[in-house]
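Visitor: I should like a close look at a single part of this model. Please take one strand, describe how its neighbours are arranged, and then move outward from there.

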Amino acid sequence: MKLKQLETLLGDLQQFTTPKVFYSVELEQYPTGPHIASRLLYTAENSFDDISNKVVADFGCGCGTLGAAAALLGAKQVIGIDIDPQSLEIASMNAEDLELDIDFVQCDISNLGWRGQIVDTVVMNPPFGTRKKGIDMDFLFVALKVASQAVYSLHKTSTRDYIKRTSLRDLNASSAEVLCELRFDVPQLYKFHKKKEVDIAVDLWRFVPKRSQVKDN
Ligand SMILES: C[S@@+](CC[C@H](N)C(=O)[O-])C[C@H]1O[C@@H](n2cnc3c(N)ncnc32)[C@H](O)[C@@H]1O
């Protein structure tokens with residue numbers, strides 16, 4: 001599939017509609033736009049061979065954009081996980097509209113009971129940790145435990161040094177590379193945002209997990 005075609009299909013997906021004021025703010029529910037989402041997945045596939053025929057998990061999938069992109073690029077299996085049941089309903093409708101077979105799980109990522117490196121690749125745009133301090137690193141911690149091949153994740157550029165140091169030292173990453181720096185438009189979803197859109201500098205990371213010592217049978 002061509003990049004432009006992928007971007008167009010993702011642009012037609014439903015996103016978080018009426019913000020559920022308190023709940024949404026706490027969960028940092030802003031969608032990854034089709035431009036960034038298509039490039040993230042396209043790079044993962046075409047530069048690193050991390051998507052097609054792979055088992056891909058979309059952590060904090062929201063309305064399912066990243067997982068849908070993985071499925072469109074030929075992932076063997078896609079699992080979308082989010083704590084919010086209403087987002088998962090939208091994600092499920094989006095998958096149905098595109099005739100994609102995606103499994104959805106409602107779960108707090110911090111409580112995900114997966115053992116070992118049971119997926120190949122994790123893709124995610126985790127909460128930045130603006131509302132719940134440290135949630136971005138909780139996502140990364142779990143992703144680097146369950147992925148065997150790669151983790152793609154978006155994080156605020158202002159946290160770059162911290163992310164690099166911590167992922168390599170404490171979070172099971174054998175490499176941590178910023179693929180590009182992006183401008184991320186967080187739309188005015190909430191009352192406390194005075195401007196229509198808040199423009200945030202964000203890094204697209206690719207992490208490679210250390211190989212698990214446990215041998216597959
Ligand atoms: C920035 S949004 C990204 C949504 C979607 N992945 C996308 O790219 O459009 C973060 C998502 O993480 C979910 N989330 C927040 N905290 C979570 C948690 N502890 N466990 C699972 N999902 C969580 C939110 O409900 C939201 O859908």
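Guide: Strand S2 is joined to strand S3, residues 103-106, by four bridges, and the two strands run parallel. Within this pairing, Gly80 stands opposite Phe104 in S3. The model is a predicted one, and the description that follows should be read accordingly.

The connection from S2 to S3 involves a helix: S2, helix H5 (residues 85-97) and S3 make up a β-α-β unit that is right-handed. S2 also has strand S1, residues 55-59, as a partner; five bridges join S1 to S2, again with a parallel course. In that pairing Phe59 is found opposite Ile81 of S2. Here too a helix takes part, since S1, helix H4 (residues 65-72) and S2 form a right-handed β-α-β unit. S2 thus belongs to a unit with S1 and H4 and to another with H5 and S3.

The burial of S2 can be considered next. The strand spans residues 77-82, and five of its six residues are buried, so the rest of the structure largely encloses it.

The ligand offers a further point of reference. It is surrounded by 22 residues, of which the closest are Pro31, Thr32, Gly60, Gly62 and Ile83. Sorted by class, this shell contains 10 nonpolar, eight polar and four charged residues.

Helix H3 may be examined for its length and burial. H3 comprises 13 residues and reaches 17 Å from its first C-alpha to its last, close to the 18 Å expected at 1.5 Å a residue. Its buried residues include Ile36, Ala37, Ser38, Leu40 and Leu41, together with Ala44 and Glu45.

The loop that lies between helix H2 (21-27) and helix H3 (34-46) contains Glu28. Most residues other than glycine have a negative phi. Glu28, however, has a positive phi, near 50°, and is not a glycine. Glu28 is also buried, because 21 other C-beta atoms lie within 10 Å, where the cut-off for burial is 20 or more.

Asn172 presents a second case of this kind: its phi is positive, about 70°, although the residue is not a glycine. Asn172 is placed in the loop between helix H7 (160-170) and strand S6 (173-187). With 20 other C-beta atoms within 10 Å, Asn172 is likewise buried.

Technical notes: Residues are numbered from 1 along each chain as its sequence is written. This is a predicted model: local features need pLDDT of at least 70, side-chain atom pairs count only at pLDDT 80 or more; totals for chains, interfaces and linings use all residues. A residue is near a molecule or strand if its C-beta atom, placed from the backbone, lies within 6 Å of it. Ala, Val, Leu, Ile, Met, Phe, Trp, Tyr, Cys and Pro count as nonpolar, Asp, Glu, Lys and Arg as charged, and the others, Gly among them, as polar. A residue is buried if 20 or more other C-beta atoms lie within 10 Å of its own, exposed if 12 or fewer, and partly exposed in between; C-beta atoms are placed from the backbone. Two strands pair if DSSP finds at least two bridges between them. A crossover is right-handed if, with the strands pointing away from the viewer, the path from the first strand over the helix to the second runs clockwise. The expected span of a helix is 1.5 Å times one less than its number of residues.
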